[in-house]
Amino acid sequence: MHLIAPSVLAADFTCLQKDFDMVNRSMADWFHVDVMDGRFVPNISFGMPVVAAMKRMAEKPLDVHLMIEEPDRYLEAFRKAGADVLTVHYEACPHLHRTIAHIKETGAKAGVSLNPHTHVSLLEDVLEDLDLILVMSVNPGFGGQKFIYQTLPKIRKLKQMLQERNAHALIEVDGGVGLQNAEKILQAGADVLVAGSAIFKSDDPEETIRRMKEIGTAKMV
């Protein structure tokens, strides 16, 4: 069954404990944490102290997405803060294989993210080393954007590559994901759905998570 990772960037920071409690008791699987540095992407979000505070509230793994330049400088610090999965951007890593190895040395799961314009074939030489591949379905840096539908064939191509190489990385999709397109994304081959506004801005976030989690299950029984 696919995984659901609510993106805490869309949570209410005036009552973060309440939103974390909701996700903890929901059918969600991970917390998705977007770290932005104001350089690789325009916005600035969380640093290590905030991630450490989130870890104390979370009863589920922290899926930490580093939208930052020079991520190698901070891998150990974010792992120590509580990251269970550390995802870096292909576009920010001139020595990607070394960065992946560094992540694994910290004890975290290793992920690589691709911006919308970055072709999946560029990951061919590291597929077997990865635990997660994050396909961005919006341009990173801002929440609440619309899903880029050209992402669907990209997911299908990536799924094909993984199957041909007998590699087992999970395909995660982030950006504009919601109930209106989740089934198409899963049909294309995604394993993990990241959703922020679609969950936290809904009238009933816990029910939205349940509905996203159960999409497609009837067909698989």
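**Group meeting talk: a walk through the model**

Hello everyone, let me start with one residue: His 168 counts as exposed, because its relative accessibility comes to 65% and the cut-off for exposed is over 50%. Please keep in mind that what you have in front of you is a predicted model.

So where along the chain does His 168 lie? You will find His 168 in the loop that runs between α5, residues 151-164, and β7, residues 170-174. A polar atom of the His 168 side chain lies 3.3 Å from the backbone oxygen of Asn 166. Now look across to Leu 132: this residue and His 168 are 36 residues apart in sequence, and their C-alpha atoms are 8.5 Å apart in space.

Let me step back to the whole protein for a moment. How many helices and strands does the protein have? DSSP gives nine helices and eight strands. Along the principal axes, the C-alpha atoms fill a box of roughly 45 × 40 × 30 Å. For a compact globule with 221 residues we would expect a radius of gyration near 17 Å, and the protein has 16 Å, so the two agree. As for burial, 54% of the 221 residues are buried.

Now to the part I like to show on screen, strand β3. This strand covers residues 62-67, and six of its six residues are buried. Which residues sit on each side of β3? On one side you have Leu 62, Val 64 and Leu 66, and on the other Asp 63, His 65 and Met 67; both faces are covered. Notice that Asp 63 and His 65 are among the buried residues here.

What are the neighbours of β3? Take β2 to begin with, residues 31-36: six bridges join β2 to β3, and the two strands run parallel. If you want a place to put your cursor, Val 33 has Val 64 of β3 as its bridge partner. To get from β2 to β3, the chain passes through helix α2, residues 48-57, in a right-handed β-α-β crossover.

Then there is β4, residues 85-89, which is joined to β3 by three bridges, again with the strands parallel. Here His 65 stands opposite Thr 87 of β4. The chain travels from β3 to β4 by way of helix α3, residues 75-81, and this β-α-β crossover is right-handed as well.

On to the aromatic rings. How many aromatic pairs does the structure hold? There are three, and I will show you two of these pairs. One is formed by Phe 13 and Phe 46: the rings are edge-to-face, with 5.7 Å centre to centre and 75° between the planes. This pair links distant parts of the chain, as Phe 13 is in the loop between β1 and α1 while Phe 46 is in the loop between β2 and α2, 33 residues apart. Are these two rings buried or exposed? Phe 46 has a relative accessible area of 10%, so it counts as buried, whereas Phe 13, at 46%, is partly exposed.

Another pair is Phe 147 with Tyr 149, also edge-to-face, at 4.8 Å centre to centre and 75° between the planes. Phe 147 is buried, with a relative accessible area of 8%, and Tyr 149 is partly exposed at 39%.

A quick word on cysteines: the structure holds zero disulfides. Cys 15 is partly exposed, with a relative accessible area of 27%, while Cys 93 is buried at 6%.

Two more loop residues before I hand over. Thr 118 sits in the loop between β5, residues 109-114, and β6, residues 132-136. This threonine is buried because its relative accessible area is 5%, and the cut-off is under 20%. Which side chain does the side chain of Thr 118 contact? The partner is Glu 91, in a polar contact of 2.4 Å between the two side chains.

Finally, Ala 11, which is in the loop between β1 and α1. Ala 11 counts as buried, at 6% relative accessibility. Its C-alpha atom is separated by 8.9 Å from that of Ile 199, and those two residues are 188 residues apart along the chain.

That's my tour, so thank you for listening!

Note on methods
Residues numbered from 1 in each chain as written. Predicted model: local features only at pLDDT ≥ 70, side-chain atom pairs only at ≥ 80, totals over all residues. Heavy atoms only, no water. Buried < 20%, exposed > 50% of the residue type's maximum accessible area, 1.4 Å probe, protein only. Helix = DSSP H or I, 4+ residues; strand = E, 2+ residues; numbered from the N terminus. Pairing = 2+ DSSP bridges. Right-handed = clockwise from strand over helix to strand, strands pointing away. Polar contact = N/O pair within 3.5 Å; in protein donor to acceptor, adjacent residues only side chain to side chain. Phe/Tyr/Trp six-rings, centres within 6.5 Å; stacked < 30°, edge-to-face > 60°. Disulfide = S-S within 2.5 Å. Rg over C-alpha atoms; globule rule 2.2 N^0.38 Å.
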